[in-house]
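Trainee: Got a few minutes to go through this one with me? Let's pull it up.

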Amino acid sequence: MGKSTHFFGSSVFGQLISFIDDNIIHRNSQKYNANRYTKRFMAKDHLISMLFCVFAKCTSLREVSGAMLGLSGKTKHFQLLNIPYRSTLSDANKRRSSDFFAGIYNDLLKKYKHFISDSRIKEKLKKELQIFDSTTISLFKDILKCVGKNPANGKRKGGIKMHTIINADEKVPKLVWFTAAARNDHFLLSKLKMDPNVIYVFDKGYNDYKIFYLFCKNNVGFVTRIRDNAVYSVIENLNIDKDTPSSVLEDTIIEVSFKDENKNIVKFKLRKVRFYDQKLQREFEFLTNLFEMKPDMIAAIYKTRWEIETLFKQLKQNFPLKYFLGDNENAIIIQIYCALIVNLLFTIIQKQLKRKWSFSNIVSFCRIHLFNYINLFSFLENPEKDWRKQDQNLEILTLF
């Protein structure tokens, strides 16, 4: 085969790192004092090293350090000034604030928002649809308190819970908070902004009538599922239009109540929609304060909640979130934020491609060819180009 037409002057890793503007790194270094008391292993070196860990799916400090020591002469395209030793990287993960990495992620999300946004949902609803949930990442040691009983062998693992909000039209985390796994999911409710231009979607684990009352009071829409043991009284059975799909079985106005801080009973109205899902062959009961919206649209809005489940699955399957390089909370959060950064970069690439690639296939390709000099976009758009060229040359030769 002749020279590859996909050859490029920068490695795949260099092309991926180029998405992160130096101004973003410098701004966050200044903001969070990320280079304070540091002589050699600067914040940018630390960031690149940890991103390499995620891209290459490294499982230990020794693996990261050993692999990067072999990069001599290959670092000019991503300007790595100091390759880390094992102890250097360990100390940096412990001492450099994870806020620096969080700032990098948030700035990248702002910069590339237009690449990953799909405005169709917002145009249809005239409001922003936000989904929130949490996922627990198990740890190898009892670093953060986990849930469940103590194991028989007495060796208890810890867990970190990632509370996440995503825009339904972006499919990457918009806001993230970390707590011990034992922390109740209701923690996230206190972080929500009462924005009347937002509709929140969440599962029934977040049911809280006090918060629902605040949603109603501030004209903030929400859609969730009602708990099986929910206490309420039916106020009115709404008529179901003839053009409404038969999947809508019931549409009612209900009254619920809770006790406020002064032990006074507060009553308010919500809407309950009973819906039959043909695909899953089961009934769902949705709870909402969107009284004017069609009942089948309520069900469609709740179905978007699956996007956040897909995100959690994508993160855990494609990135090293089973093996952590540090045994402290700061190091663990740094590694998770680096996984979020890499996830965002691959999402940007996937959105820009005309050719359809699955997310996991793009991740696998980049991991295999991390330090090959291949034009990433050129190859992903037309991976068979060089092979077709070779076949054409062979056909020409056979004619003579």
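Trainee: What volume does the second largest pocket have?
Mentor: About 380 Å³. A pocket here is an open set of points on a 1 Å grid over the protein atoms alone, with protein on both sides within 12 Å along at least five of seven lines. Points are joined across faces, edges and corners, and the volume is the space filled by probe spheres set on them.

Trainee: And which residues lie nearest its centre?
Mentor: Gln130, Asn167, Lys174, Leu175 and Lys193, out of 18 that line the second largest pocket (a lining residue has an atom within 4 Å of a point). Two or more lining residues come from each of helix H6 (99-111) and strands S1 (128-138), S2 (159-167), S3 (173-180) and S4 (198-201). Those labels are DSSP runs numbered from the N terminus, with helices being H or I of at least four residues and strands E of at least two.

Trainee: How does that lining divide by class?
Mentor: The second largest pocket has 7 nonpolar, 3 polar and 8 charged lining residues. Ala, Val, Leu, Ile, Met, Phe, Trp, Tyr, Cys and Pro count as nonpolar, Asp, Glu, Lys and Arg as charged, and the others, Gly among them, as polar.

Trainee: Before I get carried away, what kind of model is this?
Mentor: It's a predicted model, where local features need pLDDT of at least 70 and side-chain atom pairs count only at pLDDT 80 or more, while totals for chains, interfaces and linings use all residues. Residues are numbered from 1 along each chain as its sequence is written, and side-chain values use heavy atoms, with hydrogens and water left out.

Trainee: OK, what about the largest pocket, which residues are closest to its centre?
Mentor: The largest pocket has a volume of about 510 Å³. Tyr37, Thr38, Phe41, Ala92 and Arg96 are the closest to its centre, among 20 lining residues.

Trainee: Which helix gives the most to that lining?
Mentor: Helix H5, residues 86-95, with 4 residues in the lining of the largest pocket. By class, that lining has 9 nonpolar, 5 polar and 6 charged residues.

Trainee: Switching topic: how many cavities of 30 Å³ or more turn up?
Mentor: The search of the whole structure gives 1. A cavity is a set of points where a 1.4 Å probe fits but cannot get out. The largest cavity holds about 40 Å³ of space.

Trainee: What lines the largest cavity?
Mentor: Thr135, Ile137, Met162, Phe312, Leu315, Lys316, Leu321, Ile336 and Leu340. S1, helix H11 (306-318) and helix H12 (329-352) each supply at least two of the residues, and H11 gives the most, with 3. The cavity lining comes out as 7 nonpolar, 1 polar and 1 charged.

Trainee: Now packing. At what angle do H6 and H12 pack?
Mentor: About 15°, with the axes of H6 and H12 9 Å apart. That makes H6 roughly parallel to H12. Axes are lines fitted to C-alpha atoms over the stretch in contact, and angles run from 0 to 180 degrees between N-to-C directions; under 35 degrees is roughly parallel, over 145 roughly antiparallel, 65 to 115 roughly perpendicular and the rest oblique.

Trainee: Who meets whom there?
Mentor: Phe101, Ala102, Ile104, Tyr105, Leu108 and Leu109 in H6 meet Ile334, Tyr337, Cys338, Leu340, Ile341 and Leu344 in H12 (contact means heavy atoms within 4.5 Å). The H6 and H12 contact has 12 nonpolar residues, no polar and no charged.

Trainee: And H2 against H6, what's the angle?
Mentor: Helix H2, residues 22-31, packs on H6 at about 140°, with axes 9 Å apart, so H2 is oblique to H6. Ile24, Ile25, Arg27, Asn28 and Ser29 of H2 contact Phe100, Gly103, Ile104, Asp107, Leu108 and Lys111 of H6. The H2 and H6 contact has 5 nonpolar, 3 polar and 3 charged residues.

Trainee: How do H3 and H4 pack?
Mentor: H3 (residues 43-56) and H4 (residues 61-69) pack at about 105°, axes 10 Å apart, so they're roughly perpendicular to each other. Ser49, Phe52 and Cys53 of H3 meet Val64, Ala67 and Met68 of H4.

Trainee: Last one: where is Asn33 found?
Mentor: In the loop between H2 and H3. Asn33 has a positive phi, near 50°, though it's a residue other than glycine. Lys171, in the loop between S2 and S3, isn't a glycine and has a positive phi of about 65°.
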